[in-house]
Amino acid sequence: MNPESGSVQLEIPSKPTASPDPPAWAGDGATMFARYAYPPNELGYCGPDDHKSLLEYANAGMVDPGLAQLARGFSGAWPYLELIAHETKIGSPLDRRVVEAYWLGSSLLSRIDMTSFGNSLIDRFKTRVGQSWGYLAEAIPAGALPTHSFHVFGIYPWVGLLRGERSEHPLHVLDRCRIRWGKVLSVDGDRAEVISQPLTWDGTSLGLGEYRSETVTRGIGGIGLAAQLAPGDYVSLHWDWVCDRLSRRQLVNLRRYSMLELDVTNRRVSRPAAAVVLS
Amino acid sequence: MCLGIAGQVVAMDAAHPDLVSVDVQGVNRDINIGLLPEPIAVGDWVLIHLGFALQTMTPEEAADSVDVLLDIGPGEEDDVPGGQRYPWDREEAVATAAETER
């Protein structure tokens with residue numbers, strides 16, 4: 001932290017940090033899925049009503065048919081995993097490469113046919129979103145990719161709600177629902193202090209603010225999602241939880257694909273016609 | 001439940017006017033109603049997404065919406081033929097959007 005300005009900085013490490021790539025403790029894709037799916041599941045927002053099992057799976061790194069069944073119950077995420085796996089000819093939606101591409105973003109996404117992505121959205125959402133379909137459909141030629149970030153900013157209604165009187169609520173939801181990145185400052189039991197950039201909204205576009213510290217959850221009674229953390233580690237965050245420790249490649253990808261989705265979102269929001277739909 | 005889901009208000013929180021308890025498919029949850037334009041009361045139905053009530057619903061609407069996505073636009077459903085596939089061309093997509101928004 002800069003003692004004069006009070007600001008904190010996070011720089012992408014120029015070389016791999018202490019965590020190798022991929023981390024030896026990362027486990028397979030199903031475990032990775034559980035790490036990222038658990039926080040909203042615990043809150044009752046997504047997936048089957050069995051968050052305790054999900055936490056145990058994520059913590060133990062154990063994989064069995066029960067975990068795969070839980071993952072299929074995430075009706076928001078699962079179709080994206082199926083699409084990515086199908087388009088990249090990877091056998092399982094819970095392959096680690098597929099799961100990582102969905103939650104964090106990766107070069108795997110470049111192999112997904114835009115038309116297939118668009119058709120999957122038609123099948124899933126066209127009859128549900130009504131007039132907003134045109135706005136949604138524009139995202140793909142604008143560069144959107146089938147990631148969690150797209151689902152948050154491109155499918156959910158919260159970007160449209162930013163133009164309301166109480167934009168702090170939609171902004172908060174968007175910020176916590178996206179996958180964020182941060183750097184660990186300290187660890188104290190089930191809590192950790194990290195620095196991260198909050199999502200911002202200036203009335204016309206979304207962006208990332210200055211780094212600031214926040215206290216996040218890394219476990220309940222010693223049972224957490226990520227392996228042991230240490231100050232200096234780079235981590236992914238979902239809602240108020242630390243999901244995983246990030247390698248340099250994962251950190252770069254998460255930032256890159258997050259910024260890409262923000263750019264796509266801002267270009268769509270800035271269109272006058274879109275503003276009418278979203279108002 | 002990653003999309004919207006209906007819940008019925010079962011209790012208000014006098015200490016926190018923006019919070020109410022709702023029954024969602026037999027499970028009680030606390031949600032924020034700060035985005036609703038009008039006051040609500042016990043017994044009302046609301047559409048919930050990520051911990052917030054986004055709009056009120058009639059009991060009939062609630063019964064029909066087990067898992068729905070909000071139409072954030074103000075109009076009716078578009079009339080693009082159901083068999084049409086994704087317009088992969090950007091200009092075509094923009095034209096479709098403009099037509100839909102008219």
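**Strand pairing and a bent helix in chain A, with an outline of chain B**

Strands E1 (residues 180-188) and E2 (residues 191-196) of chain A pair in the antiparallel sense over six bridges. The model is predicted. Within this pairing, A:Val187 of chain A stands opposite A:Ala192 in E2(A). The two strands E1(A) and E2(A) form a hairpin. Two residues lie between them. In the turn, A:Gly189 has a positive phi of about 65 degrees.

E1(A) also has a second partner, strand E6 (residues 234-238) of chain A. These two strands run antiparallel and are joined by four bridges. A:Lys183 has A:Tyr234 as its bridge partner in E6(A). E1(A) thus pairs with E2(A) and with E6(A).

Helix H6 of chain A spans residues 114-129. A bend of about 45 degrees occurs in this helix at A:Asp123. Buried positions in H6(A) include A:Phe117, A:Gly118 and A:Leu121. A:Val129 in H6(A) is buried as well. The buried residues of H6(A) pack against two helices of chain A, H4 (78-87) and H7 (133-137).

Chain B contains five strands and two helices. From the N terminus on, the order of its elements is β-β-β-β-β-α-α. The chain has 102 residues, of which 33% count as buried. Contacts in chain B were also grouped by sequence separation. Among those between residues at least 6 apart in sequence, 35% join residues at least 24 apart.

How values were computed. Residues are numbered from 1 along each chain as its sequence is written. Chains are lettered from A and ligands numbered from 1 in the order in which they are written. This is a predicted model: local features need pLDDT of at least 70, side-chain atom pairs count only at pLDDT 80 or more; totals for chains, interfaces and linings use all residues. A residue is buried if 20 or more other C-beta atoms lie within 10 Å of its own, exposed if 12 or fewer, and partly exposed in between; C-beta atoms are placed from the backbone. Two residues are in contact if their C-beta atoms, placed from the backbone, lie within 7 Å. Two strands pair if DSSP finds at least two bridges between them. The bend at a residue is the angle between axes fitted to the seven residues ending there and the seven starting there.
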